[in-house]
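Trainee: I am new to this one and would like to understand the words people use for it. Could we go through them together?

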Amino acid sequence: MKKAGKIAINIIVVALSLIYLFPVYIVIVNSFKNRAELYENILAFPSSVDFEYYATAMQKMSFPRAFGNSLIVTVISIAIIIVLASTTAWVLVRVNNKLSKIIFLVFVGTMLIPFQTLMMPLMQEMGWIRDHLRIPMLDSLGGLIYMNVGFGASMAVFLYHGFIKSVPVSLEEAATIDGCNKFTLFWRIVFPMLKPTTATVAILDVIWIWNDYLLPSLVISSKAYRTIPLSTASFFGQFTIQWNMAMAGLTLTIIPVIIFYLSAQKYIIKGVAAGAVK
Amino acid sequence: MFKKQDKGWYILFTAPLIFIFTTVVIIPFFIGIGYSFFSWDGLPLNPKVFVGMENYVKLFSDGRFLSSAIHTTLFTFLAILLINLLGLIFALVVTTKLKVRNAARAMLFMPYLIGGLILGYIWKFIFGDAFSSIGEQIGLTSVFFNWLLDSRFALYALVIVATWQMAGYIMIIYITGIQGIPEDVIEAAHVDGANLWVTLFRVKFPLMMPSFTISLFMTLSNCFKVFDVNFSLTGGGPNNATEMFAMNIYNEIFQLNNYGYGQAKAIVFFIVVAAVTLYQVSITKKREVVMV
């Protein structure tokens, strides 16, 4: 009796979790239906599996290109954030003087500034740099990456700072006596010890940069540089009435997220927990 | 570790990030304050006219801005409540000894990974076409109609979507809190004859205060600054009835081309966000139970 009850509770919990994901189900089933079928019954399975709308959506969104752009921007931004923030945080912890404290406080304090407060002046400044210094900060993937690094700096420095404080300094001192310079000392000895924080920073930043819409929408204007959220938004501007096509487009954008989630689920949940609790 | 002669390393290791950070965050912040005292339409050739505090004074008689403040407050209040309630319930369920707890946790967390923009589009279909088509078929049109065309229900729709996105995330924070409670404390409560409710409200919750602080802080700042979902789900409509703070600022600057005035709003937005978050952290910190 007790065992049956336990099985029942397990089944109920799984069923409720699946119901929680019903919007994903609705998107996927309707991406295969034609217009008449879609409005006949929105919740039903499609009568035939036809990838016609996927082919069109993929072409209309220039999906491979957008995917490539998103991938480039996400990977390079995160690599730069990790390299620069870990070294910065390490020095700020190890050189415990007034200047370090002030720099750290500025990093943390600015986390309170919402993006909307910075977006217009930032675009003006980047426009000025483009016009006067001839560096293409606007409408280029490089400019977008640069700004991502700026916006990701605070959080990453904060997380590394907290972790490095708990790492004993003795190992580093031993390596210094052995004649390591600061550069090799950091990359050979310190950086490998920071792995858990590096994973946390990488995961939090993937979720943020991959899905970011507002900053790229202000920076990028050429079709060729659109990231996935940008191409989705412009696709929706044109096809909101053709929901079956729109659903195929949405499914395309969700697939990479689901693959990422399935392949690194444990790390993602751990990373998100570590990032939030600190 | 670092001696006087290591100054070069200090600069080499910190300067690149400080430089990027300064150009992307610090400088725009200060020029932003400057812009807020000018009247300007954003066109480089047109003059920027110094108007002093006028932009800030104008804010208080701007009906659209004030109603966006009301929407944001209402939305934030409802969303915080719902997100934390669901997140806490989810966390309590997936920290039991159920066999399916890991699978359930994985499923409940998933919406958080799909970005706000995409989520908004998904639900736009559900609350719009799907709802009205279901309503026509089963006749329950008092519940199933196009929520996005009704000013009150469109706001509720936003609350639901925000909850769907964030509840799994907040669940993770509560899970960390629950797992941090020592087993022997719970056992001691059982020995003393505490039932499920008493254990929950008198033992578990007080020991989870840090998780409540973090969760409230996270939901408050995320909901208050909501933009993506707002943009893709309702676009601020119908009749600006769901236009939140962030979107009002965006529209003022980039749609109506009031760069100076919009920036004044953005500065006020910053002050409100900073004040509310700092205040909230300071009061919840006081209520935390100290574990010895």
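Mentor: Happily! This is a predicted model, and chain B makes a good start: 41% of its 292 residues count as buried.

Trainee: What makes a residue of chain B count as buried?

Mentor: A residue is called buried if 20 or more other C-beta atoms lie within 10 Å of its own. In chain B, 41% of the residues pass that test.

Trainee: How do you know how chain B compares with a compact globule?

Mentor: The radius of gyration tells us. A compact globule of 292 residues would come near 19 Å, but chain B has 24 Å. Its C-alpha trace spans about 80 × 75 × 30 Å along the principal axes.

Trainee: And which elements make up chain B?

Mentor: There are 12 helices and 2 strands in chain B. Reading from the N terminus, the order is α-β-β-α-α-α-α-α-α-α-α-α-α-α.

Trainee: What makes two residues of chain B and chain A count as being in contact?

Mentor: Their C-beta atoms must lie within 7 Å. On that basis, 70 residues of chain B are in contact with 65 residues of chain A. Helix 1 of chain B gives the largest share of chain B's side, 18 residues. By class, that side has 55 nonpolar, 10 polar and 5 charged residues.

Trainee: Why is helix 8 of chain A called mostly covered?

Mentor: Count its residues: 20 of the 25 in helix 8 of chain A are buried, so each of those 20 has 20 or more other C-beta atoms within 10 Å of its own.

Trainee: How do you know what span to expect for helix 8 of chain A?

Mentor: Take 1.5 Å a residue, which gives an expected 36 Å. From first C-alpha to last, helix 8 of chain A (residues 141-165) reaches 35 Å, close to that value. Even so, the helix has a kink of about 45°, centred on A153(A).

Trainee: What makes a group of residues a nonpolar core?

Mentor: The members are buried nonpolar residues joined through C-beta atoms within 7 Å. The largest such core has 151 residues, and A85(A), A153(A), A157(B), A162(B) and M171(B) have the most contacts inside it. Helix 6 of chain B gives the most to this core, with 17 residues.

Trainee: Which residues does A162(B) touch, leaving out those up to four places away in sequence?

Mentor: A79(B), I83(B), C223(B), V226(B) and V229(B).

Terms used: Residues numbered from 1 in each chain as written. Chains lettered and ligands numbered in written order. Predicted model: local features only at pLDDT ≥ 70, side-chain atom pairs only at ≥ 80, totals over all residues. Helix = DSSP H or I, 4+ residues; strand = E, 2+ residues; numbered from the N terminus. Nonpolar A, V, L, I, M, F, W, Y, C, P; charged D, E, K, R; others polar. Expected span 1.5 Å × (residues − 1). Bend = angle between axes of the 7 residues up to and from the residue. Buried ≥ 20, exposed ≤ 12 C-beta atoms within 10 Å, placed from the backbone. Rg over C-alpha atoms; globule rule 2.2 N^0.38 Å.
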